[in-house]
Structures are given as structure tokens and as C-alpha cells.
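Here are my notes on this model, as numbered points. Please read them with the structure open.

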Amino acid sequence: MLSTVGVAMLATAAMAQTSAPTPPSSAPAAPSATQSTASTAAETNLAGQGKWRTSKLIGVDVYGPDDKKVGDVTEVIVDKTGKVEMVTIGVGGFLGIGSKDVAVPFDQVTWSDQPIAPPAPAPAPAGGASGTGGGMASPPAAAAPKAPAMYPDHGKITMTKDQLKSAPSVTYSGT
């Protein structure tokens with residue numbers, strides 16, 4: 001019986017793929033149709049319009065005032081109209097064990113598309129440099145421009161990790 005169902009499904013898929021091709025049009029398409037298609041594609045591409053996907057906000061790192069990571073976004077909370085009100089930040093614990101979620105109003109998070117700059121390396125000690133490189137240091141390669149990611153690189157809040165740990169945890173009703 002299973003083999004009969006499988007054969008029927010394969011036959012249906014094969015028939016769907018063998019539909020008659022559409023004959024080519026003898027007249028060239030009007031330029032206005034091409035332009036409207038291009039503008040429609042640009043309007044539906046939200047990446048360049050400053051829009052973010054909430055599913056991509058989950059997991060974004062959040063840093064405190066000292067540029068140290070305090071947690072990451074675990075939920076995005078919206079009101080009935082769809083306006084984002086809060087994000088919850090997972091703080092504490094190790095590998096998700098023992099951590100808790102703390103709600104922070106969305107407007108208290110400063111979002112950035114640029115990564116946090118790593119701390120500058122310590123200067124080399126003066127005198128007696130042994131020249132370990134043997135040559136000149138090459139400048140860092142310029143990063144190639146990339147398309148908008150539809151989510152920020154990180155968020156920054158004014159609370160420290162200790163303040164978040166002492167804040168009340170979020171509870172969800174119905175779970």
C-alpha cells in the first residue's frame with residue numbers, strides 16, 4: 001500500500017514538471033513593465049529600508065556601560081498593536097543552565113550595526129626590541145562592503161551584569 005502511494009506521488013510530480021512550455025512572445029516587453037517589476041522588487045526588499053527581522057534579534061549580544069557582555073536577547077515582547085515594548089535579556093548561568101530572563105524596555109537599548117571595537121593591544125616595551133616580525137607590518141585589509149543584515153550587531157544598555165542579575169526575572173503566563 002505504501003509503495004502504491006509513493007508511485008502515485010512520483011507520477012503526480014512528474015506530470016507537474018512536464019507542463020507545456022509557454023510560447024515566446026514575438027513582441028518585446030515594454031520598458032515600463034520592466035521598470036515596474038524592478039521597483040516592486042526594490043519595495044519588497046526590506047534590507048535597505050532600516051527594517052529588522054525580530055527572529056534575528058533573538059541571540060543578539062547585549063553589552064553594559066563598560067563594553068562587557070551582560071547577556072543576549074532571548075525574547076522580543078510586542079503589544080497588541082505590534083509595537084515592540086521590551087526585549088528580555090538572558091543573564092547569568094552557564095550554557096543556558098541557571099540563567100534567567102530580565103525584561104528591559106526596548107527604548108532603553110541602544111542598537112548598533114557596528115561591532116564593538118576590540119581593546120587596543122598593549123604597547124610594546126621600550127628598548128631591546130628584538131624585531132620578531134622581520135618585516136613591516138601590513139595594514140589591515142579593508143573590509144568589503146556587505147549587504148544590510150536586517151538585524152543589529154549588538155545592543156548596549158546602562159545596566160551592569162550585576163544589576164541585571166539582581167533584577168526580577170520575567171515570568172510568562174500560560175507556559
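1. Two strands count as paired if DSSP finds at least two bridges between them. In this predicted model, strand β3 (residues 84-91) is joined to β4 by six bridges. The two strands run antiparallel. Within this pairing, Ile 89 stands opposite Val 102 of β4.

2. The wider sheet is open and has six strands. Their order is β4-β3-β2-β1-β6-β5, and the pairing is mixed. The edge positions go to β4 (100-105) and β5 (110-112). Each has a single partner strand, so one side of each lacks a neighbour in the sheet. On average, neighbouring strands are turned by 35° against each other, direction ignored.

3. Now the aromatic residues. The whole structure holds two aromatic pairs. One joins Trp 52 and Trp 111, with ring centres 5.9 Å apart and planes at 75°. Planes over 60 degrees apart count as edge-to-face, so this pair is edge-to-face.

4. What does this pair tie together? Trp 52 sits in the loop between α2 (31-44) and α3 (54-57), while Trp 111 belongs to strand β5. The pair therefore links parts that are 59 residues apart in sequence.

5. Are the two Trp residues buried or exposed? Trp 111 is buried, at 16% relative accessible area. Trp 52 is partly exposed, at 34% relative accessibility.

6. Trp 111 also pairs with Phe 106. Here the centres are 5.6 Å apart and the planes differ by 35°, a tilted arrangement. Ring pairs thus connect Trp 52, Phe 106 and Trp 111 into a cluster.

Methods:
Residues numbered from 1 in each chain as written. Predicted model: local features only at pLDDT ≥ 70, side-chain atom pairs only at ≥ 80, totals over all residues. Heavy atoms only, no water. Helix = DSSP H or I, 4+ residues; strand = E, 2+ residues; numbered from the N terminus. Axes fitted to C-alpha atoms, helices over the stretch in contact; angles between N-to-C directions. Phe/Tyr/Trp six-rings, centres within 6.5 Å; stacked < 30°, edge-to-face > 60°. Buried < 20%, exposed > 50% of the residue type's maximum accessible area, 1.4 Å probe, protein only.
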